[in-house]
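Open your viewer and get ready to click from stop to stop. Each step below names something to select and then tells you what is there.

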Amino acid sequence: MPYFKKYWQRLFWGILALLSTDLLQLYIPRVIKQAVDALQQGQATSASLLRQGGLILSFAIGIALFRFTWRYLVLGFSRLLERDLRSRLLSRLVRLDRPFFNRRSAGEIMALSGNDLTNVQLACGMGIVTFIDAFLMTGAAVCFMAYIHPGLTFLALAPMPVLAILTGLLSAMLHKRYNRVQEQFSDLTEFARSTLMAIRLIKAYTQEQRQTEQFDRLGKEFVRNNIRLALVQGVLTPFSTLIASTSLLLVLYFGGRLTIAGSISIGDFVAFMTYLGLLTWPMMAMGWVANLFQRGITSLHRISRVMEEEPLLREPRNPLALPAVTSLSVRNLSFRYAGQNTMALDNLSLDIAPGLLGIVGRTGSGKSALCQLLARLYPVPDDKLFLAGIDYNRLPLAGLREKIAYVPQETILFSDTIRNNIAFGRPGASDAEIVQAARAAGIHEEIEAFKDGYQSRVGEKGLLLSGGQRQRLALARALLLDRPIVIIDDGLSAVDTDTEHRIIENFGSWLPGRICILVSHRVAPLLSADRIIVMEEGAIAAQGTHQQLLESSPFYRTIYQHQTTAGEAAA
Ligand SMILES: Nc1ncnc2c1ncn2[C@@H]1O[C@H](COP(=O)(O)OP(=O)(O)O)[C@@H](O)[C@H]1O
Ligand SMILES: [Mg+2]
């Protein structure tokens, strides 16, 4: 509705042009009738025939012009609507948070902006035009026919209700089958997407064959469901034609007899047949329009379901002012991912003061879960997380997030230049600031060594970086933000020990007054940490300084021993 309102002028003129097209079309049989009657009565002259021919020609030119106009205006409207809807969909999508994207695959979401939007566009453009056109042409043609002979008109229209009933029955079936096709299309899109994303892995594991076969299977399934859909669609059109032919048969026989008896003139008879011809298209269009609307509605529902999703993380009703960052506290925090049975965090409490906090623990012990909650990516109940003593839930959402620089465990780079990747969170940063951040992340020299330096492109269409380089770019991006809280989730795992050491040393001068949380697999970067916590099954199993943990935590002692022995062996 909002889009119909927004573009109502365009629609108004478009529909007016459409009506004009129809009107001219309907008038042509009247001219034919006059010509035929004149011919039959021997009154036709070449001048009168030429005049009537010329009239039809000028109507045809008018029809062409009006038809172009309505197509331009109304179909243009449907494209504008599609564009607006697509923008709105994207702007809604980026507002949603992690729980939503954990639930829906990227392929599923992409299918929405592909096929589904096209269906809505078709229904709102072609669908509406055809509907109005069919409705009007049917109505007008029937009136003109009734004007010639009501009884004959009644006969000609007798087969119509069958069509209406059939259309109604079939469109219900169509709806169901069409839904299945769309769902399958999103599976197909998702499979293609994940295959492309994992192409290097597929090659290395020589899984091309299997991947292709799997895609083939999905494709065959898609075709099968499409054929099931086409079967239903296929019944509609031939049936409409059949009914049109039945009408023609009735008119030819009974109308012919009326003409012989002299109840109607030959001209009327010819005009009647022409009107019936004009009716055939709207009759067939009805099935098609029902189809278009059905698809459009199904797709609109699918789109609406996403549009109506609300972010779970909401702005508090009366947000408090953001305090200075003096501490972070966690109180009896438990957390479980949707659809999981085990707790990712189990009644965890922790106070974090400015300085470096190290987190170690087996994979799956909840380190990332803790980082994500602290970074305000998932909703938490009241009284669980506090910034300088104030509940997270009472602080403005964006304001709180802007206190935190978060480096997620999986490095995310854009297909863009190195400079833009680093400047992502602060697009206005100066070159000097970017270089400073890159230096702090220990990657400046390597960037300089690339052919295009900071302008080198990374990602799909550019440079392929090593895991360690990618991680350090992500780190530089976070450091550039210059925020009081930095959370690095395993962000140095692929960085070699020397570089890691340099980065941590840089941190020393930069840390005072800030809170830095560093999840690490290795002990080395944690040696200087103010405190280290050892996580196990979503809880803190031990905590203290490096020295204290060597004594109190068997897990910590074991990994330390493993790593130092491995280090000595390598040296
Ligand atoms: N997006 C997710 N959806 C469901 N379960 C998850 C998700 N991410 C992690 N988990 C589960 O939550 C638990 C904690 O995971 P995580 O915090 O990532 O551990 P760590 O970072 O210590 O390796 C694990 O059991 C893991 O399988
Ligand atoms: Mg993790």
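Helices here are DSSP runs of H or I with at least four residues, numbered from the N terminus. With that in hand, one more thing before setting off: this is a predicted model.

**Stop 1: the start of a helix**

Select P554, which is found in helix α19, residues 554–570. Is P554 buried or exposed? P554 counts as exposed, because its relative accessibility is 52% and the exposed class begins over 50%. Now add A542 to the selection. P554 and A542 are twelve residues apart in sequence, and their C-alpha atoms are 9.5 Å apart in space.

**Stop 2: ligand 1 and its surroundings**

Next, centre the view on ligand 1. Which residues surround ligand 1? They are N102, Y337, Q340, A344, R362, T363, G364, S365, G366, K367, S368 and A369. Helix α11 supplies the largest share of this shell, with three residues.

Zoom in on some polar contacts:

- Q340 places a polar side-chain atom 3.4 Å from a nitrogen atom of ligand 1.
- G364 has a backbone N or O atom 2.6 Å from an oxygen atom of ligand 1.
- G366 also has a backbone N or O atom by an oxygen atom of ligand 1, here at 3.1 Å.

How much of ligand 1 does the protein cover? On its own, ligand 1 has 560 Å² of accessible area, and the protein covers 69% of that.

**Stop 3: the magnesium ion**

Now select the magnesium ion, which is ligand 2. Its protein donors are OG of S368 and OE1 of Q409, at 2.0 to 2.2 Å from the ion. Where do these two donors sit in the chain? S368 belongs to helix α11 (residues 367–374), while Q409 is in the loop between β6 (404–407) and α13 (418–422), so the pair ties together parts that are 41 residues apart in sequence.

Colour the two donors by accessibility if your viewer allows it. S368 is buried, with a relative accessible area of 18%, whereas Q409 counts as partly exposed at 36%. S368 has appeared before on this tour, as one of the residues surrounding ligand 1.

**Stop 4: along helix α11**

Stay with S368 and extend the selection to the whole of α11. This helix is mostly covered, with eight of its eight residues buried. From one end to the other they are K367, S368, A369, L370, C371, Q372, L373 and L374. Just past α11, pick R376, where phi is positive at about 65°.

**Stop 5: two more positive phi angles**

Select N347, placed in strand β2, residues 345–352. Its phi is near 50°, a positive value in a residue other than glycine. N347 counts as partly exposed, with a relative accessibility of 47%.

Then jump to T206, in the loop between α8 (199–204) and α9 (208–261). T206 is another residue other than glycine with a positive phi, near 45°. T206 counts as exposed, at 59% relative accessibility.

**Stop 6: helices α6 and α7**

Select T153 in helix α6, residues 150–157. T153 is buried, with a relative accessible area of 4%. What does the side chain of T153 reach? Show the backbone of H149 to see: the side chain of T153 comes to the backbone oxygen of H149 at 2.7 Å.

Move on to I165, found in helix α7, residues 160–197. I165 counts as exposed at 57% relative accessibility. Add M283 and compare the two positions: I165 and M283 are 118 residues apart in sequence and 13 Å apart in space, C-alpha to C-alpha.

**Stop 7: the aromatic rings**

For the last stop, show the aromatic side chains. How many aromatic pairs are there when ring centres must lie within 6.5 Å? The count comes to 17. One of them is the pair of F12 and W13, which is edge-to-face with 5.2 Å centre to centre and 75° between the planes. F12 is partly exposed, with a relative accessible area of 43%, and W13 counts as exposed at 51%.

Select F4, Y7 and F77 together to see a cluster linked by ring pairs. Finish with R10 and Y72: the charged end of R10 sits over the ring of Y72, 5.5 Å from the ring centre.

Terms used
Residues numbered from 1 in each chain as written. Chains lettered and ligands numbered in written order. Predicted model: local features only at pLDDT ≥ 70, side-chain atom pairs only at ≥ 80, totals over all residues. Heavy atoms only, no water. Phe/Tyr/Trp six-rings, centres within 6.5 Å; stacked < 30°, edge-to-face > 60°. Buried < 20%, exposed > 50% of the residue type's maximum accessible area, 1.4 Å probe, protein only. Lys NZ or Arg CZ within 6 Å of the ring centre and 35° of its normal. Donors = N, O, S within 2.8 Å, 3.2 Å for Na, K, Ca; no water. Near = heavy atom within 4 Å. Polar contact = N/O pair within 3.5 Å; in protein donor to acceptor, adjacent residues only side chain to side chain. Areas by Shrake-Rupley, 256 points an atom, 1.4 Å probe, with all protein chains shown as cover.
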